[in-house]
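Reader: Could you walk me through this fold? I would like to go from the overall picture down to single side chains.

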Amino acid sequence: DLVYVVARDSTAWALDSDNGRIAWQLTGVPSSGNFAGGASPAVSGEYVIFPLPSGEVLATYPMGGIPRWSTVVTGDRLGNAATLVRDISGDPVIVGNRVYIGNFGGRTVAMNLSDGTRIWTAAEGALSPVWSAGNAVFFINDINELVRLDAATGEPVWRAPLPTFTNDERTRRQRS
């Protein structure tokens, strides 16, 4: 009967769903630069995974917020100015005993749900939640490509560039 949220000031909240009262809260590492919005927590059994704007990932027990483990998703894509934003940009995805999560700067990781140990780190930022299917993990990366990684190793299998917005004045005039 709790609702879990992450505030942009790196505070994790558990609110009573009946009356909105604060059941508990935890404060993570503050962040100097992050998105206006952000990633949402993920819940599975006895785990709540909070993605904080600083890049910290905090796992707690659902009832009481006692921390289980924490880690930081760090790393960036060289030569990309967006890497200054370390924010977790995709909701954590829990599949079995794994947690997949990516940051805006250029890293996606797979972690062990029970203790937060890193299984692999890919040099690809995930701008949205990953999609796990069989032995693959799919997501849109930080440079606008659809990427497929091997779920066991985090190695890229393929990538496909996606179209980007173009400001074509002729197209706009033709619609008028």
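Reader: Happy to start broadly: what share of the contacts in the protein chain with a separation of 6 or more comes from residues 24 or more positions apart?

Author: Please keep in mind that this is a predicted model. The protein chain holds one helix and 15 strands. Among its contacts with a separation of 6 or more, residues 24 or more positions apart account for 38%.

Reader: And what percentage of the residues in the protein chain is buried?

Author: The accessible surface of the protein chain is about 9,100 Å², and carbon and sulfur atoms own 54% of that area. Buried means under 20% relative accessible area. Of the 176 residues in the protein chain, the buried ones make up 40%.

Reader: Which elements give two or more residues to the largest nonpolar core?

Author: That core has 15 residues, and those touching the most other members are Ile 49, Val 57, Trp 69, Ile 101 and Met 111. The elements that contribute two or more residues to it are S5, S6, strand S9 (98-102) and strand S10 (108-112).

Reader: Trp 69 caught my eye. Which residues does Trp 69 touch, leaving out those up to four places away in sequence?

Author: Trp 69 is among the core residues that touch the most other members. Leaving out residues up to four places away in sequence, Trp 69 contacts Tyr 47, Ile 49, Val 57, Leu 58, Ala 59, Met 111, Asn 112, Leu 113, Ser 114, Asp 115 and Gly 116.

Reader: How many residues are in the second, separate core?

Author: Trp 120, Ala 126, Val 130 and Val 147 are included in this second core. It is separate, and its residues number twelve.

Reader: Let's turn to charges. Why does the salt bridge between Arg 159 and Glu 124 tie together parts that are apart in sequence?

Author: Side chains of opposite charge can pair when their charged atoms come close. Here the side chains of Arg 159 and Glu 124 meet with N to O at 2.5 Å. Arg 159 lies in strand S15, whereas Glu 124 sits in the loop between strand S11 (118-122) and strand S12 (131-133), so the parts tied together are 35 residues apart in sequence.

Reader: Is Glu 124 buried or exposed?

Author: Its partner Arg 159 has a relative accessible area of 35%, so Arg 159 is partly exposed. Glu 124 has a relative accessible area of 5%, which means it counts as buried.

Reader: Which residues do the salt bridges that share partners join into one network?

Author: The count of salt bridges comes to two. Arg 159 also forms one with Glu 145, with the closest N and O atoms 2.8 Å apart. Glu 145 belongs to strand S14 (residues 145-150), 14 residues from Arg 159. Through shared partners, the network joins Glu 124, Glu 145 and Arg 159.

Reader: How far from the backbone oxygen of Val 29 is a polar atom of the side chain of Ser 54?

Author: Ser 54 is placed in the loop between strand S5 (47-51) and strand S6 (56-60). With a relative accessible area of 16%, Ser 54 is buried. From the backbone oxygen of Val 29 to the polar side-chain atom of Ser 54, the distance is 3.1 Å.

Reader: Lastly, which residues form a nonpolar patch on the surface?

Author: One member, Leu 162, lies in the loop between strand S15 (156-161) and helix H1 (169-175). At 30% relative accessibility, Leu 162 is partly exposed. With about 190 Å² of accessible area together, the patch is formed by Leu 127, Ile 140 and Leu 162.

Key: Residues are numbered from 1 along each chain as its sequence is written. This is a predicted model: local features need pLDDT of at least 70, side-chain atom pairs count only at pLDDT 80 or more; totals for chains, interfaces and linings use all residues. Side-chain values use heavy atoms; hydrogens and water are left out. Patches are made of residues with over 30% relative accessible area and no salt bridge: like charges are joined within 9 Å, nonpolar side chains (Val, Leu, Ile, Met, Phe, Trp, Tyr) within 5 Å. Accessible areas come from the Shrake-Rupley method with a 1.4 Å probe; for residues, only the protein chains shown count as cover. A salt bridge is a side-chain nitrogen of Lys or Arg within 4 Å of a carboxyl oxygen of Asp or Glu. Helices (H or I, at least four residues) and strands (E, at least two) are DSSP runs, numbered from the N terminus. Buried means under 20% relative accessible area, exposed over 50%, partly exposed in between (1.4 Å probe, protein chains only). Contact means heavy atoms within 4.5 Å. A polar contact is a pair of N or O atoms within 3.5 Å; within protein, one must be able to donate a hydrogen and the other to accept it, and residues adjacent in sequence count only if both atoms are side-chain atoms. A nonpolar core is a set of buried Ala, Val, Leu, Ile, Met, Phe, Trp, Tyr and Cys residues joined through side-chain atoms within 4.5 Å.
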